[in-house]
Amino acid sequence: MESIFNIHHSDKNSKARTGCLHLPHGPVETPVFMPVGTSATVKAMTKDWLDEIGFEIILANTYHLYLRPGPDLLKEAGGLHGFSGWKKNFLTDSGGFQVFSLSKLRKINPEGVKFMSHIDGSRHFFTPESVVNIQTKYNSDIQMQLDVCTGFGTDLKEAKEALKITSDWANRAKAEWLLRREEGYQGMLFPIVQGNFFKDLRKESAQFVANLDLPGIAIGGLSVGETFNVYQDILAHTVEYLPVEKPKYVMGIGTPDFILEAVSNGVDMFDCVLPTRNARNGQYFTHDGPLSIKKEMYTHDFGPVDPECNCNVCKEYSRAYLRHLFKNDEILSSMLASYHNLYFLHNMIKEVRQAINEDRFEEYKSNFLKRYQGK
């Protein structure tokens with residue numbers, strides 16, 4: 001299959017690399033952090049702010065958009081881009097995780113998954129084919145296959161069953177995606193590596209998705225409650241069986257330690273709601289670790305959140321004022337904190353790319369985490 005990914009430079013001391021994804025709505029420099037815009041909007045952020053920070057791709061959620069406003073309305077509006085006004089790239093997840101985490105009722109069988117809407121209790125049915133077609137109506141630049149998510153602590157029998165269904169669904173999703181491509185759809189499909197925390201299942205799944213020869217590969221089922229050491233071990237084991245030349249995406253990681261570990265293993269893409277969710281709860285990323293603006297100690301602190309950050313929030317607002325906004329439940333609190341956290345992560349990734357290109361990524365990672373983790 002024609003490659004959508006070029007590797008620019010590989011770090012001499014790790015598997016970290018810089019590259020570029022070539023997508024329908026413009027190039028995306030990697031490694032890349034993708035903000036999560038569940039309902040075709042990143043909470044408390046405008047599309048212009050995302051563009052101003054420099055993001056080239058954001059994530060939207062298939063499940064939520066399917067329930068409201070619905071794929072037909074999105075298609076009528078010109079897909080996610082026409083509907084939201086965001087003219088750069090959209091990645092959409094399959095909705096699988098939300099079906100399994102939000103639905104009041106779900107039943108999985110080899111054909112698909114029946115579920116009940118968390119909004120109104122209405123009943124729905126997802127198949128790997130229908131999920132491809134839903135995301136095609138969204139005009140997603142990258143879409144995910146429907147998969148079965150299993151949590152940390154799942155037993156071997158259940159993990160095997162989930163992996164078998166996920167693998168079957170990947171084959172069916174590929175066949176449906178190829179049909180849509182013949183009709184002119186330009187978006188890419190990524191299969192998902194599963195297997196829970198069993199190394200033999202992870203190897204089996206990684207080798208299976210590699211043989212599908214799709215444009216990229218997603219790694220699912222991590223950052224679901226396991227310790228960092230377990231995440232580290234399973235991620236390294238999984239990547240070992242994946243082709244170097246394919247772009248790799250670890251789903252659902254959004255803290256510097258998890259992101260930097262992924263980059264060390266040659267992962268190119270990551271997303272998470274955490275930076276904006278934590279922002280709405282008054283937590284700001286700083287070079288010296290997370291800062292909780294709700295603390296009494298910031299009442300008379302007229303300095304910036306992070307003196308080394310060049311974002312508009314740090315240049316224009318004090319900790320005292322930001323604490324005041326949070327304590328009074330002002331909407332602006334969520335907006336400014338979200339802007340800062342996304343700027344901070346985006347800037348960290350820019351520094352990561354520079355460090356990789358200069359063959360000093362491991363040094364950067366070590367120095368960043370020593371300070372961030374207070375060691």
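In the predicted model, helix α6 passes helix α7 in a right-handed crossing. The residues of α6 that make the contact are P128, E129, V132, N133 and T136, and they meet W169, R172, A173, E176, W177 and R180 of α7. Helix α6 spans residues 128–138 and helix α7 residues 156–182; their axes lie 8 Å apart and the packing angle is about 40 degrees. The two helices are therefore oblique to each other.

A second helix pair is formed by α13 (residues 319–327) and α14 (residues 331–357), whose axes come within 7 Å and cross at roughly 130 degrees. Angles from 115 to 145 degrees fall outside the parallel, antiparallel and perpendicular classes, and α13 and α14 are therefore also described as oblique to each other. Here the crossing is left-handed. On the α13 side the contact involves Y321, L322, L325 and F326, and on the α14 side L332, S333 and L336.

The strands include an open sheet of 5 members, arranged in the order β4-β15-β14-β13-β12 with parallel pairing. Strands β4 (32–35) and β12 (192–193) occupy the edges with a single partner strand each, so one side of each has no neighbour in the sheet. Strand β4 is joined to β15 (residues 269–272) by 4 bridges, and the two run parallel. Within this pairing, V32 is placed opposite M269 of β15. Helix α9 (residues 228–239) lies across β12, β13 (217–219) and β14 (248–250). The direction of α9 is at about 160 degrees to that of β13.

An antiparallel pairing is found between β1 (residues 5–10) and β2 (residues 17–23), which are joined by 5 bridges. In this pairing the bridge partner of N6 is C20 in β2. The two strands form a hairpin, with 6 residues between β1 and β2.

Aromatic side chains give 14 pairs in total when ring centres within 6.5 Å are counted. One of these pairs is Y66 with F126, whose ring centres are 4.9 Å apart and whose planes stand at 70 degrees. Planes over 60 degrees apart count as edge-to-face, so the Y66–F126 pair belongs to that class. Y66 is located in helix α2 (residues 62–67) and F126 in strand β9 (residues 123–126), so the pair ties together parts that are 60 residues apart in sequence. Y66 and F126 are both buried. Elsewhere, F285, F344, Y364, F368 and Y372 form one aromatic cluster.

Several backbone features depart from the usual pattern, in which most peptide bonds are trans and most residues other than glycine have a negative phi. The peptide bond from T30 to P31 is cis, with omega near 0 degrees; P31 sits in the loop between β3 (26–30) and β4. A cis peptide bond also joins R68 to P69, with omega about 15 degrees, and P69 is in the loop between α2 and α3 (71–76). N139, which is not a glycine, has a positive phi of about 60 degrees. This residue lies in the loop between α6 and β10 (142–144). Its relative accessibility of 29% makes N139 partly exposed. D359 likewise has a positive phi, near 55 degrees, without being a glycine, and D359 is placed in the loop between α14 and α15 (361–372).

Note on methods: Residues numbered from 1 in each chain as written. Predicted model: local features only at pLDDT ≥ 70, side-chain atom pairs only at ≥ 80, totals over all residues. Heavy atoms only, no water. Phe/Tyr/Trp six-rings, centres within 6.5 Å; stacked < 30°, edge-to-face > 60°. Buried < 20%, exposed > 50% of the residue type's maximum accessible area, 1.4 Å probe, protein only. Pairing = 2+ DSSP bridges. Contact = heavy atoms within 4.5 Å. Axes fitted to C-alpha atoms, helices over the stretch in contact; angles between N-to-C directions. Parallel < 35°, antiparallel > 145°, perpendicular 65-115°, else oblique. Left-handed = near helix turned anticlockwise from the far one by under 90°.
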